Structure formats: structure tokens, C-alpha cells
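Hi,

Here is the structure I promised to pass on. Have a look at it first, and then read my notes below.

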Amino acid sequence: MRFSIYRYDPDKGDQPYMQDYDVALEPSDRMLLDALVRIKSVDDSLSLRRSCREGVCGSDAMNINGRNGLACITPVAGLREPVELRPLPGLPVIRDLIVDMTQFFQQYHSIKPYLINNDPPPETERLQSPAERAELDGVYECILCACCTTACPSFWWNPDKFVGPAGLLQAYRFLADSRDQAGAERLDNLEDPYRLFRCHSIMNCVDACPKGLNPTSAIGKIKDMMVKRTV
Amino acid sequence: MAIARRKFDAVIIGAGGAGMRAALQLSEAGLKVAVLSKVFPTRSHTVAAQGGIAAALGNVTEDNWHWHMYDTVKGSDYLGDQDAIEFMCRQANEVVYELEHFGMPFDRLENGKIYQRPFGGQSQNFGGAQATRSCAAADRTGHAMLHTLYQRNVRANTQFFIEWMGLDLIRDEQGDVLGVTALEMETGEVMVLQAKATLFATGGAGRIFHASTNAFINTGDGLGMAARAGIPLEDMEFWQFHPTGVYGVGVLISEAVRGEGGYLLNKDGERFMQRYAPHAKDLASRDVVSRALTTEIKEGRGCGKDADHLLLKLDHLGADVINMRLPGIREIAIKFAQVDPINEPIPVVPTAHYMMGGIPTNFHGQVVAPYKTGPEEVVQGFYAVGECACVSVHGANRLGTNSLLDIIVFGRAAGNRIIEDLKKNPHHKPLPADATDKVLARLARLENQKGGENVAQVGTALRKTMQAHCGVFRFADMLKQGVSRIGEVAERAAQTEIGDKSRVFNTARIEALELDNLVEVALATMVSAEARNESRGAHARDDFPQRDDDKWLKHTLYFSADRRLDYKPVRLKPLTVESFPPKPRVY
């Protein structure tokens, strides 16, 4: 199978380039990550992040034939050849397929991604009805892989100012939690021309999410909350 | 070469559930703590835990911690230390409620309480009816827990060193631990992190096996570092093979599938677990179920054209239950087994999953080792929790959902203990002059090696040897051969060569250093397994099929320097309740 992979090593001082690989895959090499591990066993200089190899840790996000996805849950069968692999767009490249995710995590941290509840905790659990808990479904499952945020043109233009779909999805995760008491503060924190409102609902994020989540819908719900509290 | 040095009150290696629970305790107490992780914290392997965390909340069926303790002792095949088991089970409710207060999105019952489901080996009333004890967030409990702990650490301003790999422990002449050397992956720089307390929470090492549910990062780094520093490794012959890894791939299919009512079938469509565990059936302990699957395959009742796997049926649960309680399993089955479990059973085989052994500790998380006066002297300044530690609550076999409990209970306990210990020892001890000599020599060897073998090749040899020689059932001749084969692999690993010499994010170098750690774990496992002439929990010897309490009711200690074994007694005395004496273990 043929691959064309983005290579860049600042330690060598070269410009980035695309390197071609032609590799014979075994029948057990079903996913793109298996193929990359096989390539790496021959060329150990190819650098990428990977861990769980089952789509829950979010390490091996990359741009695969022009679309963001996780290598470990992308079947190789059916990929157009040569398979073109590039680092996630819009973030600085550290080396090869490894990007610097500092800005992505800064935006995540900026939404105060933790439950805020100032009541003294009860002896047992705080109660939450199944319906209230269901509000978190499709939201809490985010794996912070950055496929969505780095597929978003608004993030490409304003990565320092626009929270991005992943961060906003998590903002909604806490706004939607019946146990959280900081709703007003959370909305204030997003009431800004850039942080929330740079989202123009083009839905690249929904298309990119390897977990089938819908950040655009969550962003819409945050916008509704903003409107509701002003009227 | 001058090596940069930084000082902290505490350094934690590993940012999974155990490391982050400990970090939270320390950060909230105002200590200066550094948490190192090879990966961004939410990518740690806790994220892959599925089925739940055990706690006798009694939200669904009547329950209490003492019953949980009994199940854990029995599950451990009586090798677990009963003081530590009592400590863990007693604290379970409190730590689970605490996680809920931190914001963990548990599933809920109609009355608003935390959802609980049945799991293997859990009973009411000391071996009676099935208990419903596993607190769950769908089948993504580990993900929900790990993200919650990370979030809480963000709130507490914990200082993370992300994409840093611990290299070696620093000990002085008295044997006290004074910190670690570590490698910053992005720059390739080595740094000394000096600490009054060093806590290992480096997780498992399932990557010693060819077929494993474990992540790539699970390479036993903490065990390697400890072993090289002269700390023994305890009970390394006990590895859990999870009954249901996806056939041909190894990805985990949670026991929650059977907890929700799924069951196993052989090629005749028979629910074969009834023959092996008439009472608990598919919810017997994992070692029992894995042996049953292996036996079915060996006796020709496996499924598929090669009769080499079994089927896990859950379609009868219906689409609603599967989508609500097992959505992650459905996703995995569709992606990795190409079956939709709403319609079809999932092909499964027993797959290496969890290391019961590890760095020996007491229930405060302090590392203990034989030194002068006894087998369990505290190693000053050194702590270990989670899968890398052997406290030992799991003994010879861990119950499902007890691992998430283990990491939270002992992560918190170690954090508390460190806070106390630092009040008594508020100063850094001076570092020995040769603190970094060995690790720099190891790195220099790797940089300058010529004509050495490829790391991937040696790694494959290691994993295939472990798989063939140290699996679900173990045979005397295979183990003997295995010891010498793994010894050969160790020699090859000491001569590996990397082509990539870049300083920037050199993953070839990382993998070579990980291989050093895998070798330590594999050697400890094979040598310990070869010596234990009995069957207990997950260690099933073909030539010694019975448990032998007269000779073998004891913990193994493996010393890396001379590959020597020693033993120490099991702590049969709990903290406050009566001991559970060993008795035949039937499910």
C-alpha cells in the first residue's frame, strides 16, 4: 500500500516535505495505525503519537486524505492511494505528524472545565434524575483529540480568541449539568464577539468528530441560553 | 554535561487515575508537586476502563463493604493482603461519592442515585446471591473518571509535565529515594527532578504480551525503574487474561456485557460456563472464565473455521439496553469485529489485561522491601499506587471493577501519607554525586550503538515469547524454556540500535527505553512463574493443578540484579474484622 506522509524535523533544519512509502501490509493490519506502526518498524524516524489504539484516548488524530480522523479507528481498506497523511491543520508542527496542542488546551482550560457547586457536599451522592443525566450524553464523551477544532476555519483564523468546537462542547457539558451552579458565570465568560460567536455553524466539526458528537448543536444551545437570559 | 535540576515537594510519575487522585490531594494541600506523564493526562490508560468501579452503595441490592471484602479475598485466591483489602473496601463508598461530587457523570437510577450493575465475582452475604456493586457511567467509566480527575486538577492548579518520561530513580547510600531523572520528549533534554516524596503511578505493562488489551504506553516504566534501582517486584507471575478481548485484535469487551445479561457460547451454541461455574456461570471470576474459554478451544468447541474463538451473545438485551448501557462496546464491535451486537454475537478470546503484581507497598502507598530487619521495611521517600504497585488487594486474581477502586483509594491514601511524611521530613536530602551516572551511560550506549538490532524486532520477540510460554495455562517445560528465551531477549535488548538520532520528539528513543522496562517486567514474570509450583488464581500450572497453601500461601519477591527470588508471608489479618481463612474456591 502506498503512503505519502508529511515529514518535518526541526533538528535537521530541513524544510517540511512529503515522503513516499510503499509497504506490504499483513492481514492483521486493519487500521491505519497498524500500517503506521509497520512503517515505523522499518523507518524508526517517523514520529507520531499513539496510545490506546481503540479510539478512546485521542492521541493519534491526524489529517487523512484531507479529513481529520483517528488513525486507530480508520480502516485502511477503502482509503484512496497514496494515502496522504499530514499533521492536524492549524496548529504548529513539532515534528512529522505531531502538533503542538498548547493553544487547543488553553482554550479548553479557559471555559473552566470542572463542576462548580459551592454547596457543602452531602453525605452521599448528589441526586440527578436519569433525564437530567441524559443531557450530558453526546457531550461528556469528548476525547479531546482536536479533530473538530482543527477542522474549523474560525479556529484557524483566531486560535487565541475563539474557544473552538471542542472547548465549547465542554462548556455546554457543564452548562447542561444539573449539579453545576455557575451557569451565569459560564455564559458571561463566553459573551464576547470571538469566544462563542465566531462559530458560523458550518459544521466542519460535526463532520470531523470521530466519536460522532455534535459540537455545532451544543454551540447552538449555548447561543439559545444567551438569548433566553437577555429577553 | 551539566544536567538541569529542579526541586519539588513531591514528584508523581504517571497521570492516570492513581497519579491524578494523589496529585489532587497534594495540590489541594498546597504542596509543590510535579506530575510527569508520557502522554497528555486524559490519554492515560485509565481512559479505557469500561464497566465500572466497585462500591457497596447498595443502590440496587442490599450490600455492605464486608461482603465486598469477602469477594475480593476469595477472588484473590487468598493471596491478597487482608489488611489492605479491608482498607480498600471500607473506603469504597466514600471515594465514589467524592468522585460524584467532583462532577463525574455516573449513570443514574430512577431515584436519582448512582446506577449500579452486576459484575463477576461479586456476591451478597459472603458467597450468596449475585451483588449489584459496579458504579458505572455507561461503559465508559474510566473515561468519565479520568476526565473528571483531570478537570479537578485543573481547578487545583496542579503542575503537569506533559510528555515527559521517567528514566530512573535516584537513591542514596541509605537506600532513600530522592527523586528521578526524566526525559522531556519534545526537546530530548534530561532533567533531575529532586523530591522529598517520589510517587510511581505508571500503570501496567500488558505490552509484554503479543495479544493484549493494553495501550502502547503500558510498558511497565515504573517497574523497570524500581527493578534497576534494587527494589524487588512482587507476585509478577500473576497476570489477568480478560475472557473477552476482540478476536484477532485484542481490544477489550467489558465484563459489563455479561453483567447486563450477555453470555458466552461455544460452536454448539452451548452456554458452556454452566459446566465450569454452575452457580455464577458467566459472572464467575475472570481467571475461571478465561480458563473455561481456553479449555473449550483446546477441546475443539471453538467457533469459526479455525475453531479458535468463542462468541459473546448480547442481542437478546435489545437495542435500547445496548445503546444506553453499552454504547462503547457496540462501537468497538462494529469497528474492530465488523459485527453489530444488536444483531450478532461478538467473537472473543482471552487476552492479557492486567498485572496483579508490581512494586511492593503497604496500604499507605509506601514502598516496602526487605532490607535489614524484615521483609517489609519502608523505603524512605518512595511510594507507588495503582497497577504498578502490589499492595496487594488483588492477590492472584483481580475482580472486575476493583482496579478503578484501587487507584482511587490508594491514590488518595498515598497523597495523605505523603502530606504527613513531609511534615516530619521537610528538607531535601543531598543528592549523591553519581546520581545520574547510570542513566547517562544507558542513554549514551543507545546513542552510540553500532550494528545493533532494531527495537521493533526485539520487542516482537519478547511479546511472542511471553505469549507462547506464559499464557492462560502454563507448562513446566515451556516455562523453563521461556526463562532462557527471555534471557536471550534481554541480551538483545541491551544491544539495540536506533536510526533516529534527532533531539526533537524522538519516539524511536522512547520505544528503546520502554523496551528496557518491558524486559525487566518479562524477566520477573517468567522467572516467578517458573518457580511457583502450584495453581492459584491466574497462575494455572498444568503440572500442579491444585492450590498448595502449605507451601505457596506466600508472596513472591523478584530481584532484578541477580534474578533471584525470595518470598514473604501473606497478611491474613485484617484491620478490625476476622480473617477469611483459605478455603476451596468455587463459583
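Where in chain A is the place of Pro82(A)? Pro82(A) sits in the loop that runs between strand 4 (67-70) and strand 5 (83-86) of chain A. Before going further, please keep in mind that this is a predicted model. I start with Pro82(A) since its backbone deserves a look: the peptide bond leading from Glu81(A) to Pro82(A) is cis, and omega is near -10 degrees.

While you are in chain A, go to Arg53(A) as well. You will find Arg53(A) in the loop between helix 1 (32-42) and strand 3 (61-64) of chain A. Arg53(A) has a positive phi, near 55 degrees, and is a residue other than glycine. Is Arg53(A) buried or exposed? With a relative accessibility of 11%, Arg53(A) counts as buried, because the cut-off for buried is under 20%.

Now over to chain B, starting with the overall picture. Its secondary structure adds up to 16 helices and 24 strands. The radius of gyration of chain B is 23 Å, close to the 25 Å from the globule rule for 587 residues, so chain B is as compact as a globular protein of that length. If you want a feel for the dimensions, the C-alpha trace of chain B spans about 65 × 50 × 50 Å along its principal axes. Of the 587 residues in chain B, 67% are buried. Among contacts in chain B with a separation of 6 or more, 74% are between residues 24 or more positions apart.

As for the surface, chain B exposes about 19,100 Å², and 50% of that is supplied by carbon and sulfur atoms. The charges are worth a glance too: chain B carries 67 positive and 71 negative side chains, and the centres of these two sets lie 1 Å apart.

Next, a small sheet in chain B. Three strands form an open sheet in the order 3-5-4, with antiparallel pairing. Strand 3 (53-54) and strand 4 of chain B are the edge strands, each pairing on one side only. How many bridges join strand 4 of chain B to strand 5 (residues 130-135) of chain B? There are four, and the two strands run antiparallel. To trace the pairing on screen, take Gln116(B), whose bridge partner in strand 5 of chain B is Cys135(B), and then Pro118(B), which has Thr132(B) as its bridge partner in strand 5 of chain B.

Strands 4 and 5 of chain B also make a hairpin with six residues between the strands, and in this hairpin Asn125(B) takes a positive phi near 55 degrees. Although strand 4 of chain B is an edge strand, seven of the eight residues of strand 4 (residues 116-123) are buried, so this strand is largely enclosed by the rest of the structure.

Two backbone features turn up in one loop of chain B. Ser392(B) is in the loop between strand 18 (389-390) and helix 11 (402-424) of chain B, and a cis peptide bond joins Val391(B) to Ser392(B), with omega about -10 degrees. Thr401(B) has its place in the loop between strand 18 and helix 11 of chain B too. Thr401(B) is not a glycine, yet its phi is positive, at about 80 degrees. At 5% relative accessibility, Thr401(B) counts as buried.

Two more residues to click on in chain B. Ser290(B) belongs to helix 8 (residues 286-298) of chain B, and with 2% relative accessibility Ser290(B) counts as buried. Which residues is Ser290(B) in contact with, leaving aside neighbours within four places in sequence? They are Phe241(B), His242(B), Pro243(B), Pro350(B) and Val472(B).

Then there is Arg271(B), in the loop between strand 12 (263-265) and helix 7 (273-276) of chain B. Arg271(B) counts as partly exposed, at 28% relative accessibility. Not counting residues up to four places away in sequence, Arg271(B) touches Tyr263(B), Leu264(B), Leu265(B), Lys281(B) and Asp282(B). Arg271(B) and Lys313(B) are 42 residues apart along the chain, and their C-alpha atoms are separated by 9.9 Å.

Cheers

How values were computed. Residues numbered from 1 in each chain as written. Chains lettered and ligands numbered in written order. Predicted model: local features only at pLDDT ≥ 70, side-chain atom pairs only at ≥ 80, totals over all residues. Heavy atoms only, no water. Rg over C-alpha atoms; globule rule 2.2 N^0.38 Å. Buried < 20%, exposed > 50% of the residue type's maximum accessible area, 1.4 Å probe, protein only. Contact = heavy atoms within 4.5 Å. Areas by Shrake-Rupley, 256 points an atom, 1.4 Å probe, with all protein chains shown as cover. Lys, Arg positive; Asp, Glu negative; His and termini not counted. Charge placed at Lys NZ, Arg CZ, Asp CG, Glu CD. Pairing = 2+ DSSP bridges.
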